[in-house]
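Welcome! Let us take a walk through a protein fold together, one part at a time.

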Amino acid sequence: MGIDSDQWDRQKRVSGWRQENVEGARCLVFGAGALGNEVVKNLLQLGVKDITIVDYDRVVRANLNRCVFFTPADAENENYKATVIARRATEVNPLARVNAIVKNLELLPADIYFSGRFDYAFACLDNLGARLHVNAHAYGHVALIDGGTTGFSGKVQVVASPSPCLECSVNKRDYQLLWRKYSCTGEMLDLVDPKMPALPTTTAVVAALQVNEFVKLAHGGQGFPADSLVGKYAFFNGLSNKFSVFSVSKRKSCPVHG
Ligand SMILES: [Zn+2]
C-alpha cells in the first residue's frame with residue numbers, strides 16, 4: 001500500500017505505534033453530546049472499528065456550537081444524538097461498526113459492563129449522578145476514561161481497577177447536591193443543575209486528552225514509555241494555560257470498592 005493510500009499511514013510513523021492495538025479496541029461511549037462527538041471523531045480517525053454510543057437525548061440547536069457530527073437539520077428533525085453519530089461515523093472510517101443505544105444509561109442491563117464485550121468506556125457526561133452510575137458499574141470490569149468541561153476549564157480522570165475511582169473524590173457537598181437533585185421538583189433541578197457554559201475549544205482539548213489516554217492504555221506499556229492518568233486527574237485551564245495533574249487517594253469509605 002502506498003504511503004498516501006493508507007488512511008493510518010501518518011500515525012503508524014509514531015515510534016512504537018501499534019495500529020492493531022488501537023483498531024482492535026472495543027469502546028463504549030456514554031453521552032453523545034459535545035465530548036461524545038469529539039471522542040467518537042478521534043476514535044474513528046485513529047481507526048477504532050468497534051464503538052457503541054449510549055444516549056437517550058435528541059439534537060437541539062444549542063448543541064451545534066460544539067458537536068462536529070450534528071447539523072441544523074438534525075436539530076430541526078429532533079434526531080437522536082447517538083443515532084446521528086452512528087450514521088455519520090462510516091463517512092470518517094468506512095470500516096467502523098458504530099452502534100447507537102438510545103436509552104438512559106441508568107436503564108442499561110448491567111452485563112454491558114461485565115460481559116467482556118468492551119475494553120474501554122468513555123464518560124462524556126454532563127452530570128455527577130450519571131458519572132457515578134457508570135463508575136460504580138464499570139469498576140473492576142472496564143477501564144473508564146472520564147472527561148468534563150465548564151467554560152475554559154476541563155478535567156480528565158482515568159479509572160482502572162485497582163486504582164482509586166471517581167467516587168473516591170466525591171465529598172459531602174457533592175452528595176448533598178445529588179440528594180437534592182433526586183429528591184426535589186423540576187424547578188429545583190434547574191437551580192442545582194443549570195446549563196453549563198461550554199466551548200468547542202475546551203471540548204476539543206478534553207476529548208483529545210481522553211482519547212490520548214485510551215491510546216496509551218491500548219498500547220499497554222508496550223511501544224513507547226508513557227505516564228498514564230490512571231488513578232489521577234488532569235486539570236486544564238485554557239485562560240491561564242495551566243495544565244496540572246493530581247493524584248487521587250483511595251477513600252476507605254468509598255462504596256464502589258469498600
Ligand atoms: Zn472509589
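Before we set off, one term is needed: two residues are in contact when they have heavy atoms within 4.5 Å of each other. Keep in mind too that this is a predicted model.

Let us begin with helix α5, which covers residues 81–92. The twelve residues of α5 reach 17 Å from the first C-alpha to the last, close to the 16 Å expected at 1.5 Å a residue. Which residues of α5 are buried? They are K81, A82, V84, I85, A86, R88 and A89. Here "buried" stands for a relative accessible area under 20%. The partners that these buried residues pack against are α3 (34–46), β2 (50–54), α4 (72–76) and β3 (97–101).

From β2 we can step along the chain to R66, which sits in the loop between β2 and α4. The side chain of R66 makes a polar contact of 2.7 Å with the side chain of N65. Setting aside neighbours within four places in sequence, R66 is in contact with A34, A198, L199, P200 and T203. Look at A198 in particular: R66 and A198 are 132 residues apart in sequence, yet their C-alpha atoms are 8.1 Å apart in space.

Now turn to the strands. Strand β4 is made of residues 120–123. Its side chains alternate: Y120 and F122 point one way, A121 and A123 point the other way, and all are buried. How does β4 pair with strand β1 (residues 26–30), and over how many bridges? The two run in the parallel sense, with four bridges between them, and Y120 is the bridge partner of C27. Strand β5 (residues 143–150) is also joined to β4 by four bridges, and these two strands run parallel. There, A121 stands opposite L144.

One residue of β5 deserves a visit of its own. D146 lies in this strand, and its relative accessibility is 5%, so D146 counts as buried. A polar contact of 2.8 Å links the side chain of D146 to that of R131. Beyond its neighbours within four places in sequence, D146 is in contact with A123, R131, K155, V156, Q157, L166 and Q210.

That last name, Q210, leads us to helix α10, which holds residues 200–219. What span should the 20 residues of α10 have at 1.5 Å a residue? The expected value is 28 Å, and the end C-alpha atoms are 29 Å apart, which agrees. Among the buried residues of α10 are T202, V206, Q210, F214 and H219. The buried residues of this helix pack against α2 (19–23), β1, α3, β4, β5 and β6. Just after α10 comes G220, with a positive phi of about 55°.

Q210 itself is buried, with a relative accessible area of 0%. A polar atom of the Q210 side chain lies 3.1 Å from the backbone oxygen of I145. Not counting residues up to four places away in sequence, Q210 touches L35, V39, F122, A123, C124, I145, D146, G147 and V156.

Another buried residue is F236, in strand β7 (residues 232–237). Its relative accessibility is 17%, so F236 falls under the 20% limit and counts as buried. Leaving out residues up to four places away in sequence, F236 touches F152, S153, G154, V205, K242 and F243. The C-alpha atoms of F236 and V248 are separated by 16 Å, although these residues are twelve apart along the chain.

Our last stop is the zinc ion. Which atoms coordinate the zinc ion? They are the SG atoms of C165, C168 and C254 together with NE2 of H257, at 2.2 to 2.3 Å. The donor atoms subtend angles of 90 to 121°, so the arrangement is tetrahedral. For comparison, the ideal angle for four tetrahedral donors is 109.5 degrees.

Along the sequence, the donor residues follow the spacing C-x2-C-x85-C-x2-H. C168 lies in the loop between β6 (153–159) and α8 (172–183), while C254 lies in the segment after β8 (242–247), so this pair ties together parts that are 86 residues apart in sequence. Both cysteines count as buried: C168 has a relative accessible area of 6%, and C254 has one of 1%.

Methods:
Residues are numbered from 1 along each chain as its sequence is written. This is a predicted model: local features need pLDDT of at least 70, side-chain atom pairs count only at pLDDT 80 or more; totals for chains, interfaces and linings use all residues. Side-chain values use heavy atoms; hydrogens and water are left out. The expected span of a helix is 1.5 Å times one less than its number of residues. Buried means under 20% relative accessible area, exposed over 50%, partly exposed in between (1.4 Å probe, protein chains only). Donors are N, O and S atoms within 2.8 Å of the metal (3.2 Å for Na, K and Ca); water is not among the atoms, so sites may look incomplete. Four donors count as tetrahedral if all angles lie between 85 and 135 degrees; four count as square planar and six as octahedral if opposite donors are over 155 degrees apart and all others between 65 and 115; anything else is irregular. A polar contact is a pair of N or O atoms within 3.5 Å; within protein, one must be able to donate a hydrogen and the other to accept it, and residues adjacent in sequence count only if both atoms are side-chain atoms. Two strands pair if DSSP finds at least two bridges between them.
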